[in-house]
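Good morning, colleagues. Please take a moment to look at the structure on the screen before I begin.

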Amino acid sequence: MPLNSVEDVVTGNDSQRVFRGTFGTLTMFAPYGSGRFLSLFRSKLDTLTIQYRDADGSLHGAIFTMGEGKADPLKKEMLAQGAHTTIPQEDTSGAKPDAAREKKP
Amino acid sequence: MKRVLYVTALSILLLGAHVKLGEVRAQSAAPLAMKASAIQVLMVQSDEIKLPAEFQISLYENLIEQLKKQGGFQHVYREGDHAADSETDLVVLHSTVRGFKKGSEMARNVTTVAGKTSIDIHCQFNDKAGKNILEKDLNGKVRFFGGNLRATLDFAKKAAKLAHDNFVARPAS
């Protein structure tokens, strides 16, 4: 996929349970509400959402999740290689104004 | 006295069941809006409501996936697909976000009752000429298990069922 076909790149952040999958589901049935307690343990992650068009002009979208702090450098790299965005890359050298920060889902 | 109460309660239950059955019959007997062999899904619009990009993309992709999964349409086209121009009986789905409440997966896991995520979307089905054929408000929500994006899957399933029920030609039995 050529990067100049990417119409929008947006980063965000989210969190997920540390104990997930089958084990995570089984913890929900753990006694004395311990499963609920385990739900409090969460790991932060970044999301990178892209919107692109294929050769036929069809619109596609994809959401990638990655470790915390990895989405912004990737977005920067994609923009440098010709991708487009509706939310311009923030200047990370100074303090970020709160209004300019992207909302997490 | 007890007997009167039992009879009253039973009557109310039977009346409720009768009304519900009537609704189900009315829905299933709804006239077919139009038969279509193909559907085109446009990107979900959220001009009034600020919807995070991942929700918008997830709604769009889940819609396409669920429409393919439901079956019935020979082709499910994405926005901008030029192949859709040659279709004669094409239905175009426009979706507009009318409401969005972002919940919290952690709150759902811990409290069970709090942290619901819900999305209200106005769906409009147009024919190829742009004439409105059907419109309906649908919602997607996640109450207990799963991440916030699961609300988009819930909506997509409902929208795909609506499209299938109204535009897919059923074989005569």
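In which strand of chain A does Thr65(A) lie? Thr65(A) belongs to strand β3, which covers residues 59–67 of chain A. I should state at the outset that this is a predicted model.

Let me stay with this residue. Is Thr65(A) buried, exposed or partly exposed? Thr65(A) counts as partly exposed, because 15 C-beta neighbours lie inside 10 Å, and a residue is called buried at 20 or more and exposed at 12 or fewer. Beyond the neighbours within four places in sequence, Thr65(A) is in contact with Leu45(A) and Thr47(A). Its C-alpha atom is separated by 10 Å from that of Lys44(A), a residue 21 places away along the chain.

Met66(A) is also placed in strand β3 of chain A. With 13 other C-beta atoms within 10 Å, Met66(A) is likewise partly exposed. If neighbours within four places in sequence are set aside, Met66(A) is in contact with Leu45(A), Asp46(A), Leu48(A) and Ala71(A). Leu45(A) is thus a contact of Thr65(A) and of Met66(A). The C-alpha atoms of Met66(A) and Asp14(A) are 9.9 Å apart, with their positions 52 residues apart along the chain.

I turn now to chain B. Here 5 strands form an open sheet of mixed pairing, in the order β2-β1-β3-β4-β5. The edges are taken by β2 (75–77) and β5 (132–142) of chain B; each has a single partner strand, so one side of each is left without a neighbour in the sheet. From one strand to the next, the twist averages 25°.

Within this sheet, β1 (residues 38–41) and β3 (residues 90–101) of chain B pair in the parallel sense over 4 bridges. In this part of the sheet, Ile39(B) stands opposite Val91(B) of β3(B). Helix α4 (residues 150–167) of chain B packs on the sheet, touching β1, β3, β4 (117–127) and β5 of chain B, and its direction makes about 150° with that of β5(B). Helix α2 (residues 53–70) of chain B lies across β1 and β2 of chain B and runs at about 170° to β1(B).

Finally, the contact between the chains. How many residues does each chain give to the contact? Chain B contributes 20 residues and chain A contributes 19. On the side of chain B that touches chain A, the elements giving two or more residues are α2 and α3 (105–111) of chain B. The largest share of that side, 7 residues, comes from α2(B). By residue class, the same side of chain B divides into 9 nonpolar, 5 polar and 6 charged residues.

Terms used
Residues numbered from 1 in each chain as written. Chains lettered and ligands numbered in written order. Predicted model: local features only at pLDDT ≥ 70, side-chain atom pairs only at ≥ 80, totals over all residues. Contact = placed C-beta atoms within 7 Å. Pairing = 2+ DSSP bridges. Axes fitted to C-alpha atoms, helices over the stretch in contact; angles between N-to-C directions. Nonpolar A, V, L, I, M, F, W, Y, C, P; charged D, E, K, R; others polar.
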